[in-house]
Structures are given as C-alpha cells and as structure tokens.
Amino acid sequence: MTAELSIQDILQSVPSTFRGPGGAVAVVKDGELAGQTVWGYADLDARTILTPTTIFPICSISKQMVCLILTDLLQNDSDKAFENALIKALHELLPHDIVVNKDLTVERLVAMQSGLRDYWALTVLWGATPGGRFSIYEDAPKALKRVGGFHFPPGTQMSYCNTNFMSLGLAIERATGQTLGELLQERLFTPASMTTAALRPDTERLPSPLVGYEGSEGAGYIAYQNRIEWAGDAGIQASLEDMIAYEKYIDRSSADPQSAYRKNAQHPHYIDGSPANYGYGLVHGEVEGIKTVGHGGALAGFRLGRVYMAKKRISVIVLLNSEADTDEVGAYILRNIAGKGKEDDALEQLNVGWTGHYLDEQSSLAIAVAQDKPGELLVNYSGHDEKLKLTSTTHATAKKVEVTLEDGQIIIQLLRGHRFTARPLRSWTESEVTPSYTGSYRSEEIDSTFHVAGTGAMLYGYFDGYLGQGPAHLMRHLGEDVWSLACHRSLDAPAPGDWTVLFHRGGDGKTVEGVTVGCWLARNILFDKTP
C-alpha cells in the first residue's frame with residue numbers, strides 16, 4: 001500500500017487480505033462517509049449475500065453505548081434521584097460484602113477496575129456447557145450473587161469484566177423503570193439515526209439472514225448457533241449503515257464539550273492517579289503515534305470492532321461473521337490511510353533460552369513463554385498468546401505489554417496497567433507428580449464443586465454448579481503442583497482459555513488439601529478438598 005491510494009482503494013483490499021465468509025468495513029472522516037466495502041456471504045449454505053443493511057451482533061461495542069445512556073441519565077439528574085436509585089439497585093444485585101467497599105464505585109465499574117471476577121468466565125465453574133442457554137433475568141441475578149469477593153482491590157488494576165456492565169444494565173432498568181432497550185432507542189439510536197439498531201439480548205434469534213462461522217479457510221467454516229442472552233454488557237445489534245450513523249454521531253458529539261461522549265472519552269485513571277487505558281466502554285490506545293479510542297466485540301462466529309481517531313476525525317468500522325482479528329483489520333486500514341503500510345518486522349533476529357512456564361504467586365496464575373521464530377516471543381498470561389518483538393536477549397515488547405527477564409524471573413508490565421513478577425516453575429519427574437490430586441473440591445465462595453479424575457500425568461477436571469454439570473476438560477502438568485486446564489470452548493466466546501490449577505499440600509508434604517483455580521478474568525478461587 002502507498003499513501004497515494006484512496007480510502008476506498010484501501011478498503012477494497014481488505015477482503016483478499018483478511019479472507020473469510022464475509023464482512024463489512026467503513027471509514028468515516030470529518031463526519032462523513034469516506035468509503036465502505038461489503039463482501040462475501042451472510043449465509044454460505046443459502047448463498048445469501050451480505051449487504052450494508054445486514055444486522056450484526058456488535059457484542060461488547062455495546063458497552064460504550066450503554067455508558068452514553070448512563071452518563072446522560074447522571075448529567076440530567078439534578079436531584080440525585082436516579083443516582084441514588086442506581087446505587088440502591090446495585091446493592092440489591094451484588095453481594096453485600098462487595099458493595100460495602102467504598103472504593104467500588106460506578107466509575108470503577110465502567111473502567112474495568114472493580115476487582116470483580118468476570119461472570120462469563122465463572123460460568124465454566126458453575127457447570128455451563130458449550131452452546132447452553134443463559135438467561136438475563138433468571139440466570140444472571142444468580143450469577144451476580146456467586147461471583148465471590150474481589151480478586152484485586154478496586155481501583156488498583158484493570159481486568160476485563162462483563163460482571164460490571166451486566167450489573168449496571170440491570171441496575172439502570174431498576175432505577176428508571178424502563179427497559180435498557182427503550183432507553184437506548186430514546187437516548188441514542190433515534191438521535192443518532194441508527195434506524196435498525198436495537199437491543200436484542202437473545203443471540204439465538206439473530207435477524208435473518210446472518211450466520212456466524214467458526215473455523216478457518218484451511219480447516220473449513222462451520223456455522224455456530226449461540227444460545228445465550230446478554231444486555232448491558234453486549235446485547236446490541238446493528239448494521240454497517242447503523243454503525244456509520246453512530247460514527248457520525250460520535251464525531252458531532254466529540255465537538256460538544258457538554259456531551260456524554262466527550263465526558264466518557266476523557267482519559268481514565270487508577271485510584272492512585274496514574275493513567276489507565278479503559279473507561280466508559282472505551283479502550284484508549286494509539287495507532288502511528290496518534291491517540292485512539294474504540295472497542296472490539298466477540299461472540300462465537302463473530303468478531304467486530306470500531307476505533308475513532310479524534311485528532312484526525314477518522315473512524316474505522318469492522319464487522320465480520322468469522323473469528324478473524326478485527327484489531328489487525330482496523331490497524332491495517334489506519335496504517336494504510338497514514339501511508340505506513342505493513343508494520344516493520346522485528347529488528348533483532350534473536351533467540352532466547354528462557355522459554356517455559358512461570359508462576360505469578362500473587363494471582364496464582366501460570367504464564368507460558370514460547371518462541372516460534374527468531375526475534376519474536378509468545379507470552380500467554382491472559383488466556384491467549386501475545387506476540388512480542390525481542391529488543392534484546394532479556395527484553396521483549398508489544399503495544400500493550402513489555403516482558404523482561406531479571407534474575408531468573410520475568411517481569412510483565414502492562415500498558416498503563418498492572419506490573420507483576422513470575423518465577424520459573426521447576427519440572428518434576430512423574431513420580432513427583434503423583435500425589436493424590438484426584439477427588440472432589442468445594443468452593444463455598446462461588447458455589448462450585450471441582451472434580452479431578454485420571455491417573456498419573458493424565459488428569460481431567462470438571463465442574464458442577466447452579467448451571468449444571470460441565471464437560472470434562474483435559475489437564476496438563478506444567479511443573480511443581482501447577483497444572484493447566486484447557487478450556488477453549490465455553491458458554492461464551494472467546495472462552496477464558498487455560499485455567500491455572502494450583503494444588504496445595506498439607507503439612508506432611510504429600511496429602512493434597514485444596515486447590516486454587518483461576519484465569520486472568522477470574523483469579524484466586526480457593527477450593528477445599530472434600531472427604
């Protein structure tokens with residue numbers, strides 16, 4: 001790509017660069033549509049063409065729209081009636097031990113700094129099965145009462161958490177006496193001229209003809225049927241035409257210092273005043289040194305994204321009915337608009353000798369460090385691989401994270417976020433791996449039972465809870481008493497990935513008395529061994 005290519009030329013190169021069943025991309029510049037491309041099929045089997053009016057589930061992009069409604073209600077709340085009713089509703093929905101913490105505020109919820117565990121991750125521990133049903137008004141309130149305590153103090157870290165927005169959505173409805181769908185229609189969709197957008201919580205009932213696809217070109221694409229409901233965290237559906245109207249609305253709102261969007265787009269901070277990178281449903285980042293705000297969305301068979309560059313007044317929208325990386329698509333479009341083309345390869349073609357598994361003892365999470373090719377490092381601390389460029393034999397960096405080897409340990413620094421240290425796990429022989437790990441373990445905190453079965457180094461884990469009896473998951477020994485439990489398909493998508501399973505031995509050094517289970521979205525859940 002070169003700087004001379006038009007925006008429309010750039011968009012027309014997207015389908016062949018990011019191949020898949022179908023998709024829609026658009027650029028809004030200076031408040032007007034600068035180009036759009038729609039390609040492929042809404043339904044491969046029926047050969048139904050995808051169009052600009054095809055309605056997609058925009059998933060977690062919904063969060064910023066719900067936050068616009070929330071801020072609008074708060075700004076017009078002269079007598080504090082809504083705010084008081086909102087706080088009362090949150091106290092009714094969440095466990096008492098959580099809501100009495102003075103640092104847990106609405107601002108911490110919308111900044112992903114609540115310290116609450118993500119309820120979608122916890123559905124695995126409550127016995128959910130992939131493709132199962134989940135109801136907003138029946139299952140979700142039960143989930144909120146079972147999230148347990150904080151997995152970090154509110155305001156000190158950022159961890160993505162749908163619990164924050166699901167509870168806010170339900171609380172807004174209780175506080176106003178209106179449905180969230182009605183509020184969105186009145187206060188956003190109509191003013192923004194989003195004529196077909198709506199809150200449609202049931203993902204099993206997507207408007208015809210759209211189908212979402214798992215798989216790849218190499219393995220083949222398979223239609224996936226979701227059966228979950230969500231609302232405040234991810235329930236809005238909209239077409240490309242709706243999203244273009246939304247970006248025009250955002251561009252207008254950004255110029256108004258009194259607008260809800262202008263307030264919500266202010267840079268967030270942690271409780272100590274240091275800068276954060278998430279607030280009011282907006283991820284703060286940069287492309288080619290220019291600040292951006294945006295958000296992605298995901299559901300099995302779908303990936304969505306939008307990003308806005310206020311300084312240049314450029315918005316990019318990406319809607320896909322497959323599981324390609326919309327961040328890559330959006331960055332590709334913005335880089336080529338800037339005339340930058342492809343990102344440079346790693347400058348240093350280095351190899352390192354410190355790959356393997358590590359343990360962050362504060363979060364009780366295992367971290368995997370691997371290297372597929374010189375100059376790059378793959379680090380998995382949050383359920384998926386982060387690709388980093390090696391700048392030396394002890395340091396690697398990416399846009400969102402830096403990893404450094406120091407005194408035999410790795411230090412992970414998240415961009416405007418948490419810094420943590422992990423020590424290497426010592427490998428054990430099979431004879432050391434075979435204390436009695438098998439049996440049942442109980443967590444009263446989250447109301448879940450964990451069962452471990454198998455022999456030697458081939459173990460399986462499965463969970464029972466209020467959602468049912470979940471499937472058996474394969475477990476792999478990482479080192480010492482630390483195992484991983486593979487979970488790459490769950491009630492929601494993307495799944496939480498590998499869970500860390502850390503067994504605890506008693507005073508005799510042989511008997512297993514309990515286990516800590518956790519993933520990045522839901523950490524440090526203690527289970528006691530049952531007789």
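Trainee: What makes the approach of the backbone nitrogen of L116 to the side chain of S114 a polar contact?

Mentor: In this predicted model, the backbone nitrogen of L116 lies 3.0 Å from a polar atom of the S114 side chain. A polar contact requires N or O atoms within 3.5 Å, and 3.0 Å satisfies that limit. The side chain of S114 also makes a polar contact of 2.7 Å with the side chain of N164.

Trainee: Where does S114 lie, and is S114 called buried or exposed?

Mentor: S114 is in the loop between α6 (106-110) and α7 (119-125). Its relative accessibility is 1%. Buried means under 20%, so S114 counts as buried.

Trainee: How do you know that K80 and E83 form a salt bridge?

Mentor: The N to O distance between their side chains is 3.3 Å. The limit for a salt bridge is 4 Å, so the pair of K80 and E83 qualifies. K80 has 45% relative accessibility and E83 has 30%. Partly exposed covers the range between 20% and 50%, so this term applies to K80 and to E83.

Trainee: Why are R205 and D202 given opposite words, exposed and buried?

Mentor: R205 has a relative accessibility of 66%, and exposed means over 50%, so R205 is called exposed. D202 has a relative accessible area of 14%, which is under 20%, so D202 is called buried. The two residues nevertheless form a salt bridge, with the closest N and O atoms 3.7 Å apart. Both belong to a network of salt bridges that links R133, D202, E204, R205, R227 and E229.

Trainee: What makes the pair of E480 and R423 a salt bridge, and which parts of the chain does the pair link?

Mentor: The side chains of E480 and R423 meet at 3.0 Å, N to O, and the limit is 4 Å. The pair links distant parts of the chain, 57 residues apart: E480 is in the loop between β26 (473-479) and β27 (482-485), whereas R423 is in strand β21 (residues 419-424). E480 is buried at 17% relative accessible area, while R423 counts as partly exposed at 22%. The structure holds 24 salt bridges.

Trainee: How many disulfides does the structure hold, and why is C487 not bonded to C519?

Mentor: There are zero disulfides. C59 is in none, and the nearest cysteine sulfur, that of C67, is 16 Å away. The sulfur of C487 is 8.4 Å from the closest cysteine sulfur, in C519; a disulfide requires 2.5 Å or less, so the distance is too far for a bond. C59 is buried, with 0% relative accessible area, and C487 is buried as well, with 1%.

Trainee: Which residues form a nonpolar patch on the surface, and what makes L44 eligible for a patch?

Mentor: The patch consists of Y41, L44 and I49, with about 240 Å² of accessible area together. A patch residue needs over 30% relative accessible area, and L44 has 32%, so L44 passes that limit and is called partly exposed. L44 is in the loop between β2 (32-43) and β3 (48-49).

Trainee: Which feature does UniProt place at residues 20-330?

Mentor: UniProt, in an unreviewed entry, gives "domain: Beta-lactamase-related" for residues 20-330. Over those residues the chain is 32% helix and 24% strand, with the end C-alpha atoms 16 Å apart.

Terms used:
Residues numbered from 1 in each chain as written. Predicted model: local features only at pLDDT ≥ 70, side-chain atom pairs only at ≥ 80, totals over all residues. Heavy atoms only, no water. Patch = residues over 30% accessible without salt bridge, like charges linked within 9 Å, V, L, I, M, F, W, Y side chains within 5 Å. Areas by Shrake-Rupley, 256 points an atom, 1.4 Å probe, with all protein chains shown as cover. Helix = DSSP H or I, 4+ residues; strand = E, 2+ residues; numbered from the N terminus. Buried < 20%, exposed > 50% of the residue type's maximum accessible area, 1.4 Å probe, protein only. UniProt positions renumbered as here; feature names shortened; annotations may be inferred. Polar contact = N/O pair within 3.5 Å; in protein donor to acceptor, adjacent residues only side chain to side chain.
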